[in-house]
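Please read this briefing alongside the sequence and the coordinates. It begins with a single residue and then moves through charged pairs, aromatic rings and the chain as a whole.

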Amino acid sequence: MESVAALADLPQLDRRTLTDTAYAALSDLLASGRLAPGDRLSLRRSAAAFGVSVMPVREAVSRLVAEGVLEVAPSRIIRVPILSAETFRALAETRIAVEGIAAARAAERRTETELDAIRRAEAAFRSEAECREPDRVMAVQLNRNLHFAIYSACRLAPLIEIIRRLWLKAGPVINLDLRACPERLHQGFALRRHAAALAAIEGRDGSAASAAVAADIRDAADFILSRGTLRTEHGKD
């Protein structure tokens with residue numbers, strides 16, 4: 001009887017696995033900036049792209065809506081939220097505080113293996129950014145890879161999870177920086193901040209690593225806010 005009961009639970013476990021897979025895939029699209037503020041999300045098209053039924057995608061979307069990462073518009077359209085300038089500024093300040101802590105701990109705790117991973121990630125972003133015509137979608141992904149190579153080295157799982165959730169909200173707006181404005185890559189702001197962060201981590205200088213990551217986030221946030229593309233708190237979508 002116990003075996004029968006265990007087997008009866010398998011389909012439900014399988015559905016949860018598909019939901020988790022859909023959630024991870026959608027999260028990656030958001031955090032990597034491949035979805036932009038205001039982009040609409042079709043359940044059927046997403047399910048077809050992931051090779052699953054609509055149900056696990058709907059459940060994954062419900063989780064992301066509950067987390068405030070996606071929203072349901074009055075017309076029942078699912079979309080990436082359009083952040084106000086005020087909300088984005090608060091998000092950037094939170095990221096500066098939290099990610100700065102992770103960078104400092106990474107500098108103090110990193111192993112040689114972790115340092116090698118950070119070096120490779122920094123070199124990959126630099127190689128793409130210095131191309132005559134960089135792939136802006138790839139640049140966003142490589143920027144994310146570098147940041148998380150750094151944060152992984154702090155080896156504080158709860159802190160990394162907090163950062164991951166912040167990036168789900170920040171990723172689509174980061175899209176407005178690196179993807180929408182190729183001149184940002186050519187000007188080298190991110191390259192200089194990344195190089196400073198790497199040097200600090202190599203030297204186990206937690207304070208300098210935190211300052212470099214904070215400056216990187218602040219540079220991007222100030223640039224995005226200066227463009228005036230985010231609505232004001234009382235503005236219209």
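## Briefing on a predicted model

Asp20 is partly exposed, its relative accessible area being 42%. The structure is a predicted model, and in it the side chain of Asp20 meets that of Arg63 in a salt bridge, at 3.0 Å from N to O. Because Asp20 belongs to helix H2 (residues 10-31) and Arg63 to helix H4 (residues 54-66), the pair ties together parts of the chain that are 43 residues apart in sequence. Arg63 is likewise partly exposed, with a relative accessible area of 33%.

**Salt bridges**

- The count of salt bridges comes to 14, and the pair of Arg63 and Asp20 described above is one with a separation of 3.0 Å between N and O.
- Arg155 and Glu114 meet through their side chains in a salt bridge of 3.3 Å, N to O, and this pair links distant parts of the chain, since Arg155 is in the loop between H7 and H8 while Glu114 is in helix H6 (residues 112-129), 41 residues away.
- The two partners of that bridge fall into separate accessibility classes: Arg155 counts as partly exposed at 43% relative accessibility, whereas Glu114, at 18%, counts as buried.
- Within helix H6, Asp116 and Arg119 lie three residues apart, about one turn of the helix, and they form a salt bridge whose closest N and O atoms are 3.4 Å apart.
- Asp116 is partly exposed with a relative accessible area of 33%, and Arg119 is partly exposed as well, with a value of 32%.
- A network of salt bridges links Glu67, Glu161, Arg164 and Arg165.

**Aromatic rings**

- A search of the whole structure finds two aromatic pairs; in one of them Phe148 and Tyr151 are arranged edge-to-face, with 5.6 Å from centre to centre and 80° between the planes.
- Phe148 and Tyr151 are separated by about one helical turn, because they stand three residues apart in helix H7 (residues 136-152), and both residues are buried.
- Phe148 also pairs with Trp167: the ring centres are 5.3 Å apart and the planes are at 75°, so this pair too is edge-to-face.
- The pair of Phe148 and Trp167 links distant parts of the chain, with Phe148 in helix H7 and Trp167 in helix H8 (residues 157-179), 19 residues apart, and both of these residues are buried.
- Taken together, Phe148, Tyr151 and Trp167 form one aromatic cluster.

**Charges over rings**

- Phe148 has a charged partner in addition to its aromatic ones, as the charged end of Arg144 sits over its ring at 6.0 Å from the centre.
- Elsewhere, Arg192 lies over the face of Phe189, at 5.3 Å from the ring centre.

**The chain as a whole**

- The chain contains eleven helices and three strands, and from the N terminus on its elements run α-α-β-α-α-β-β-α-α-α-α-α-α-α.
- Of the 237 residues in the chain, 46% count as buried.
- Among contacts in the chain with a separation of 6 or more, 78% are accounted for by residues 24 or more positions apart.
- The chain exposes about 12,200 Å², of which carbon and sulfur atoms supply 54%.

Conventions: Residues numbered from 1 in each chain as written. Predicted model: local features only at pLDDT ≥ 70, side-chain atom pairs only at ≥ 80, totals over all residues. Heavy atoms only, no water. Phe/Tyr/Trp six-rings, centres within 6.5 Å; stacked < 30°, edge-to-face > 60°. Helix = DSSP H or I, 4+ residues; strand = E, 2+ residues; numbered from the N terminus. Buried < 20%, exposed > 50% of the residue type's maximum accessible area, 1.4 Å probe, protein only. Lys NZ or Arg CZ within 6 Å of the ring centre and 35° of its normal. Contact = heavy atoms within 4.5 Å. Areas by Shrake-Rupley, 256 points an atom, 1.4 Å probe, with all protein chains shown as cover. Salt bridge = Lys/Arg side-chain N within 4 Å of Asp/Glu carboxyl O.
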